[in-house]
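Please look over the sequence and the model that follow, and keep both at hand while reading. The paragraphs after them go from one part of the chain to another.

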Amino acid sequence: MTIRLGDLAPDFTADSTHGPIRFHEWKADRWAVLFSYPRDFTPVCTTELGAVAALLPEFRRLGTRVIGLSVDQADAHRSWQDDVARVTGCTVGYPLLADPEHRVARLYGMIHPNASPSVTMRSTFVIGPDDRVRLSMSYPASTGRNFQELVRVLESLRLAEAHEVVTPADWRPGERVIIDPSVSDDEARLRFPKGYEAKTEYLRFTPEPDLEAAASNGR
Ligand code: BEZ
């Protein structure tokens, strides 16, 4: 199955290092990151799991739950977590799903037969509070992911959700954002009291709006 942006993230039940998990129930109405990796006890994956563990406080700050998956069994995940903690200094404080029969992998298109028919690739999904897929990425087995990028994307998605803004190339939180082109100049003057700079009629930069202000405005 191919998952496209905007699709409902398929629900499933699977065993995990935290016991059986029903995905939508576990996620509830929060943001979530679901990522797969090829195998337990492999070098790049060890560094990836540690990197995600180190970012857990950031994901929590962004109201985001994180869950990993591979074709290994939950017992193998549990033994390997000790290696991850020893090598990276970070405890895997998030669940790892066991998908030995590739049930979840098939639902999410995590196995790419031309790359490797038997293991999950480095697939990543960001799923919104409405259970819709907001980002999907596939990385080759040879390249460990930059999980900081997910934090950056979540910051951008949350801003876009609260205000009618989008974020430019290489944007970092705190930098100026772009007013969505669907917003008229008259509306922009009302909605963005800090003002904006128009580079062209469709590219208008404004200081990053305040997420809390959006919440108190009921948006
Ligand atoms: C790794 O995680 O190190 C790895 C996994 C599959 C193939 C090659 C490397």
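Across the interface of domain 1 and domain 2, the rule applied here finds two salt bridges, and the model in which they are found is a predicted one. In one salt bridge, the side chain of Arg134 meets the side chain of Glu161, with 3.1 Å from N to O. Such pairing is possible because side chains of opposite charge can pair when their charged atoms come close. Across this interface there are also three residue pairs in polar contact.

To place these contacts, it helps to turn to the division of the chain. The protein chain is divided into domain 1, which covers residues 13–145, and domain 2, which covers residues 154–216. The centres of the two domains, taken over C-alpha atoms, are separated by 32 Å. Where the domains touch, nine residues of domain 1 are in contact with five residues of domain 2.

The area hidden between the two domains can be described as well. Together, domain 1 and domain 2 bury about 680 Å² between them, and 66% of this area is on carbon and sulfur atoms. On the side of domain 1, the residues that lose the most area to domain 2 are Trp31, Leu62 and Arg134, which together account for 68% of what that side buries. Arg134 therefore appears here again, having already been met as the salt-bridge partner of Glu161.

Which residues surround the ligand? They are Pro38, Thr42, Pro43, Val44, Cys45, Arg122 and Ala141. An oxygen atom of the ligand is 3.0 Å from an N or O atom in the side chain of Thr42, and an oxygen atom of the ligand is 3.2 Å from a polar backbone atom of Pro43. For Arg122, an N or O atom of the side chain is 3.0 Å from an oxygen atom of the ligand.

Arg122 also leads to another partner, since a search of the whole structure finds 19 salt bridges, and one of the salt bridges in the structure joins Glu48 with Arg122, the closest N and O atoms being 2.9 Å apart. Glu48 lies in helix H2, residues 43–54, whereas Arg122 lies in strand E6, residues 122–127, so this pair ties together parts that are 74 residues apart in sequence. Arg122 is thus a residue to find in the model twice over, once among the residues that surround the ligand and once in the salt bridge with Glu48.

Notes. Residues are numbered from 1 along each chain as its sequence is written. This is a predicted model: local features need pLDDT of at least 70, side-chain atom pairs count only at pLDDT 80 or more; totals for chains, interfaces and linings use all residues. Side-chain values use heavy atoms; hydrogens and water are left out. Domain bounds come from an automatic or database domain assignment. Contact means heavy atoms within 4.5 Å. Buried area is the accessible area (1.4 Å probe) that two parts lose on being put together, summed over both. A salt bridge is a side-chain nitrogen of Lys or Arg within 4 Å of a carboxyl oxygen of Asp or Glu. A polar contact is a pair of N or O atoms within 3.5 Å; within protein, one must be able to donate a hydrogen and the other to accept it, and residues adjacent in sequence count only if both atoms are side-chain atoms. A residue is near a molecule or strand if one of its heavy atoms lies within 4 Å of it. Helices (H or I, at least four residues) and strands (E, at least two) are DSSP runs, numbered from the N terminus.
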